[in-house]
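Q: Could you take me through one part of this model up close, starting from a single side chain and working outward? I'd like the contacts, the packing and the charged pairs tied together in one go.

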Amino acid sequence: MAANNAPAAAAAAPAPAVPATPVPRGQVDLVDFIDWSSVECLNQDPSHSIVNALKQGYRDDDGLYVASDSDEQLLIHIPFMQVVKLHSALFKGPEEDGPKTIKLFSNKEHMGFSNVNDYPPSDSLDLSSNHLAESKPVQLKYVKFQNVRSLTIFIEDNQSGSDVSKIQKIALYGTTVDTTNMKDLKKIEEH
């Protein structure tokens with residue numbers, strides 16, 4: 001009878017805490033390297049801005065999200081404070097209004113809805129509603145994201161084809177690139 005109690009006691013022990021979204025091995029969450037002063041989101045609902053889905057703390061609150069305004073499309077520009085290598089991205093959203101077709105552009109400045117189709121994307125994602133609910137990062141075409149100064153994310157449509165797209169969380173994973181800041185170099189004077 002004692003042997004039967006042992007498994008029950010083991011089952012009653014609390015499970016170790018698992019982070020909501022595991023960071024891919026060897027990668028870091030790049031949120032600390034985003035240049036917040038230059039983040040832009042075109043066609044966002046002013047009462048549901050990009051900060052809700054991108055900023056630490058906000059993006060983990062399921063009640064907060066970025067929403068599109070006049071149609072289902074969003075164009076998000078995220079500059080980094082230093083060059084990064086982008087490995088994977090996580091997009092979390094509601095089952096019906098979450099993003100479906102996502103195009104990612106590395107180092108494309110000044111993109112708008114009028115010229116977004118003029119450039120080939122660095123990578124394209126076609127997310128299912130199951131994927132949005134799982135909160136698992138999608139591995140990107142790593143070779144296309146080796147020297148990223150900025151990332152432009154084009155949300156083309158959503159799962160249901162409705163007029164409003166919603167994203168609860170965007171997380172970018174990768175590594176920083178060691179670069180020399182030219183401002184830090186001291187001029188050597190000749191004697």
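A: Let's start at Thr 152, which sits in strand 8. Keep in mind that this is a predicted model. Thr 152 has a relative accessibility of 2%, so it counts as buried. What does its side chain meet? The side chains of Thr 152 and His 77 are joined by a polar contact of 3.1 Å. Setting aside residues up to four places away in sequence, Thr 152 touches Leu 75, Ile 76 and His 77, then Lys 103, Leu 104 and Phe 105, and also Lys 108 and Met 111.

Now step along to Ile 153. Leaving out neighbours within four places in sequence, Ile 153 is in contact with Leu 74, Leu 75, Ile 76 and Ile 78, with Phe 91, with Ile 102, Lys 103 and Leu 104, and with Ile 170. Several names come up for both residues: Leu 75, Ile 76, Lys 103 and Leu 104 are on the list for Thr 152 and on the one for Ile 153.

That brings us to the packing. In soluble globular proteins, nonpolar side chains tend to be buried together. The largest nonpolar core here has 32 residues, and Ile 153 is among those that touch the most other members, along with Phe 80, Phe 91, Leu 104, Ile 170 and Leu 172. Which elements give two or more residues to this core? They are helix 2 (51-54), strand 4 (74-92), strand 5 (101-106), strand 8 (148-155) and strand 10 (169-176). Strand 4 gives the most, with eight residues. There is also a second, separate core of five residues, and its members include Leu 75, Phe 105, Val 116 and Phe 154. Leu 75 is a contact of Ile 153, and both Leu 75 and Phe 105 are touched by Thr 152.

Phe 154 deserves a stop of its own. At a relative accessible area of 1%, Phe 154 is buried. A search of the whole structure turns up one aromatic pair, and Phe 154 is half of it: with Phe 113 it forms an edge-to-face pair, 6.3 Å centre to centre and 65° between the planes. Phe 113 lies in the loop between strand 5 and strand 6 (123-126) while Phe 154 is in strand 8, so the pair ties together parts that are 41 residues apart in sequence. Phe 113 itself is partly exposed, with a relative accessible area of 33%.

What about charges? Side chains of opposite charge can pair when their charged atoms come close. The count for the model is five salt bridges. One of them involves Lys 103, a residue already met as a contact of Thr 152: the side chains of Lys 103 and Glu 156 meet at 3.5 Å, N to O. Glu 156 is in the loop between strand 8 and strand 9 (166-167) and Lys 103 is in strand 5, so this bridge ties together parts that are 53 residues apart in sequence. Lys 103 counts as buried at 18% relative accessibility, whereas Glu 156, at 23%, counts as partly exposed.

A further bridge brings in strand 10, through Lys 169 and Asp 60, with the closest N and O atoms 3.0 Å apart. Since Lys 169 belongs to strand 10 and Asp 60 to the loop between helix 2 and strand 3 (66-67), the pair ties together parts that are 109 residues apart in sequence. Lys 169 counts as buried at 7% relative accessibility, and Asp 60 is partly exposed at 45%.

Asp 62 makes a salt bridge as well, with Lys 92 (2.6 Å, N to O). Here the loop between helix 2 and strand 3 holds Asp 62 and strand 4 holds Lys 92, so the parts tied together are 30 residues apart in sequence. Once more the lysine is buried, with Lys 92 at 18%, and Asp 62 is partly exposed at 44%.

Zooming out, how do these long links fit the whole chain? Among contacts between residues at least 6 apart in sequence, 80% join residues at least 24 apart. The protein has three helices and ten strands, running α-β-β-α-β-β-β-β-α-β-β-β-β along the sequence. Of its 191 residues, 41% count as buried, Thr 152 and Phe 154 among them.

Conventions: Residues numbered from 1 in each chain as written. Predicted model: local features only at pLDDT ≥ 70, side-chain atom pairs only at ≥ 80, totals over all residues. Heavy atoms only, no water. Helix = DSSP H or I, 4+ residues; strand = E, 2+ residues; numbered from the N terminus. Buried < 20%, exposed > 50% of the residue type's maximum accessible area, 1.4 Å probe, protein only. Contact = heavy atoms within 4.5 Å. Core = buried A, V, L, I, M, F, W, Y, C linked by side-chain atoms within 4.5 Å. Salt bridge = Lys/Arg side-chain N within 4 Å of Asp/Glu carboxyl O. Polar contact = N/O pair within 3.5 Å; in protein donor to acceptor, adjacent residues only side chain to side chain. Phe/Tyr/Trp six-rings, centres within 6.5 Å; stacked < 30°, edge-to-face > 60°.
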